[in-house]
Every structure is written in C-alpha cells, then in structure tokens.
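Q: Got a minute to go through this structure with me? I'd like to start with the pockets and then look at the ligand.

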Amino acid sequence: MSPDTLRLGQRLARQIEAGGPISVAHFMAEANAHYYASRDPLGVAGDFITAPEISQMFGELIGLCLADVWMRSGRKGAPLYLELGPGRGTLANDALRAMESAALAPKVHFVETSPTLRERQIALLPHVSFHDDLSTVPTTGPLLVVANEFFDALPIRQVERTEVGWRERVLIGGIGEPGDSFIPMPGYRPMESAVPEALKEAPVGSILETSPASATIALELAHRIARQGGIALIIDYGYEGPAIGDTLQAVRGHQMTDPFTHVGDSDLTAHVDFTMIGNVALQAGLRVTGPVGQGAFLKALGIDARAASLSRGSPERATDLQQASERLTAADQMGDLFRVIAIAHPDWATPEGFTPGA
Ligand code: SAH
C-alpha cells in the first residue's frame, strides 16, 4: 500500500470518526479520484484492459462511425471531438486517424481529471485541450463525443431494503486499520423517495443503485448536443434500470477484490443504467439509438472486413487481429456484456452499427 493510500484511508476514517458514517457514493468518489490521479491503471501491468487497448480496430470503427454521421448530417460547422475519460488516449488517436482518412480533422477536447493520464494523453496527442468537466468545453461547433468505460467509474448511491424500510448504504470502520476494512451497513435516513413504486416491496437485503453524478453529466452533455448539434457514443457495461442488484465491484491486478478494502488502490466500478441515460437524452430533445451489444455494433460497422484488410497488409499479425476481434465481439467475451447507446441531435442522421447487417 502506498503512503498516499494510507493517507486516503486515514482521511476517510477520520471523517467517519468526526461526522458519522459516509455514503457509498462519497467513498467511491474519493477512492476513484485518488486511484486515477495516482497511476495509469490500464494494460497488462496495470489493473484492467479496455477495448481500445485490445485493438486499434475499436477506435478506428468508432471514428469512422462518427465521421459517417457527420457527413450524412450535412457536414455542419467545424465539429469538435470530445472524449470523456480518455485513458491513455489510444481510442482518440485511432479514431482521429480514421476520421482523417474521411477528410475530417476536428479539434480535440478531453474531459480528464487524472494528471497522470493527462500526461500520457498529451504524449500521444500534443494539441489536445483538457477540461475538468463539461462546463469549459467550447459552446460552439457540433460535438462528436465518445465515452468508453467512463460512466462506470462515476460514483453510485446504493439504497438497501431493511426491516424498517429503505435506507442509504453507508460505511463505518477504518479506524485502527487505516485504509482498510470499511464495513457497509444501512444508514438511518429513510430513502423511500429514491425507490420507484414497482420496486418498493423488494425483499429485505435488496440493493438499488442510482448515480446522480452520471445523471448530471449525461444531462449536461445532452443539453450541449441539443444546443450545438452532434452525437455521443457511450459504451459501457450496464443494464436497463431501475433494477435491484449490487453491481459495485473492485478490480486490482486483473482480479476482483473487496470494494471496501485497499481504498484508492483498486478500480471501483458499477454497471451503468442505460435507461437513465436514454431518458435524460430524450428529456433534452435528443434522439436515442440503442443500446445494442458491442459485438453487434462492431460487426455491423465492419470489424471483420477491417481485420481482413489489416491482415493482408501485415500477414504476421493475422492471428492477433483475429483474436482481438473475437475478444471484442464474442458473446462470451466483451460482445454482449458491453453495450453502445447513441444520443444525437434530432436533425442529425442515425448512426450505423445499431441494426444487424447495417
Ligand atoms: N476510456 C478509456 C479509459 C477508461 S478508465 C479506455 O477505454 O481505455 C476511466 C477514465 O475516466 C480514466 O481516464 C479516468 O481518469 C477518467 N475519469 C474517471 N473519473 C472521472 C471524472 N470524474 N471526471 C473525469 N474523468 C474521469
């Protein structure tokens, strides 16, 4: 455990000592802010691998999808490429290269809070503009937006059905063992108002998740697209909510671990509620397409043809390309677990990739 991790654990333990239990949402926000700020978590030597790190084909197909929508929507304005949580910048790099082949060279804007990852991104894309959040992103020019495995890192609130009603899940502990072993339990504050009528009678012990942080960002993004034009492709693992289930998980060194230990030293994620994102977009007047499985999406965009063409150019890579394509699209790998939803200005064309064989 690094000294910084110790400080975070101690800090949270002290907060609990002074002010009482902290919410799961507060814990997740603090833990992930520390986690991403202090390392590059991606790759074999890190904690997890994402689709753009598996193959260049992922970013290329996303870039071509965006370029195609832009062209079919009348080539409006000078579009901005905006990525939320761009990791190492690999997806953007591959997407922008593909866009360039379609004669599209947008200005690049990243919403990224991690100084460590910003350094990696700027090494790959020196001209990128950084933002802590959407508020400083330019307010003119249509937006071509990508968010891959971004929303799953944002804090969730958990409410739990107890014998005496629904309560927010909170954490105690940490004292005496700084940075370790926080213990979840239902808090005292009634949370009935956060639970939809249809789920109110769920069995005792049931957990319902919401993500006010995700809803806020989705709404701000949707309003920007409504005002500036454009489209966002959001890719993540998720469900159609609201639904009962505890999806909070921690990954460290490619292994699942307890989310409430190793605070700030493991990647905390939760499944994304695609219905919430869709509803927020509809409310802002946008058109929603999907979600569809990542496998179906990439197949419809032509991943097989892309793999074949790359293999012709570099026959020694053919097996690797085949395996990468399989990993990204197979139902028992990332193909069904990960899904893609598009939210777009109503005057913009519908993106390809959402209907079989499109
Ligand atoms: N999209 C990348 C990385 C996914 S990891 C890929 O597919 O490889 C999550 C990314 O979101 C990281 O870049 C992390 O630093 C960033 N991130 C996490 N929480 C954030 C927040 N609240 N605001 C902005 N960026 C955040």
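Q: Which residues lie nearest the centre of the largest pocket?
A: G85, E112, T113, F150 and A153, out of 38 lining residues. Bear in mind that this is a predicted model.

Q: Which elements give two or more residues to that lining?
A: There are helices and strands on the list: α2 (24-37), α3 (51-54), β2 (80-84), α7 (212-228) and β13 (267-269).

Q: And which of them gives the most?
A: α2, with six residues.

Q: How much space lies in there?
A: About 720 Å³ in the largest pocket.

Q: How do its lining residues divide into nonpolar, polar and charged?
A: 20 are nonpolar, eight polar and ten charged.

Q: Which domains does the lining draw on?
A: Domain 1 (3-37 + 157-209) and domain 2 (51-155 + 211-294 + 331-344) each provide at least three residues.

Q: OK, the ligand. How many residues surround it, and which are the closest?
A: 16 residues surround the ligand, and the closest are T50, G85, G87, E112 and N148. G85 and E112 are also among the residues nearest the centre of the largest pocket.

Q: What does G87 do there, side chain or backbone?
A: Backbone: an N or O atom of the G87 main chain lies 3.0 Å from a ligand oxygen.

Q: Which residues come up against a nitrogen atom of the ligand?
A: T113 has a polar side-chain atom 3.4 Å from a ligand nitrogen. For N148, a polar backbone atom is 2.7 Å from a nitrogen of the ligand.

Q: How much of the ligand's accessible area does the protein cover?
A: 91% of the 580 Å² that the ligand has on its own.

Q: Back to pockets. What lines the second largest one?
A: 19 residues, with F48, I49, Y237, V251 and F338 nearest the centre. β11 (249-252), β12 (255-257) and β13 each supply at least two of the lining residues. About 430 Å³ of space lies in this pocket.

Q: How does that lining divide by residue type?
A: Nine nonpolar, six polar and four charged.

Q: Different topic: where are the cis peptide bonds at P242 and P291?
A: One joins G241 and P242, with omega about -5 degrees, and P242 sits in the loop between β10 (230-239) and β11. Another joins G290 and P291, with omega about 10 degrees; P291 is in strand β15 (residues 287-293).

Q: Last one. What is the phi of A103?
A: Positive, about 60 degrees, although A103 is not a glycine. A103 is in the loop between α5 (90-101) and β3 (107-111).

Conventions
Residues numbered from 1 in each chain as written. Predicted model: local features only at pLDDT ≥ 70, side-chain atom pairs only at ≥ 80, totals over all residues. Heavy atoms only, no water. 1 Å grid on protein atoms, 1.4 Å probe; cavity = no way out; pocket = protein on both sides within 12 Å on 5 of 7 lines; lining within 4 Å. Points joined across faces, edges and corners; volume = space filled by probe spheres on them. Helix = DSSP H or I, 4+ residues; strand = E, 2+ residues; numbered from the N terminus. Nonpolar A, V, L, I, M, F, W, Y, C, P; charged D, E, K, R; others polar. Domains from an automatic or database assignment. Near = heavy atom within 4 Å. Polar contact = N/O pair within 3.5 Å; in protein donor to acceptor, adjacent residues only side chain to side chain. Areas by Shrake-Rupley, 256 points an atom, 1.4 Å probe, with all protein chains shown as cover.
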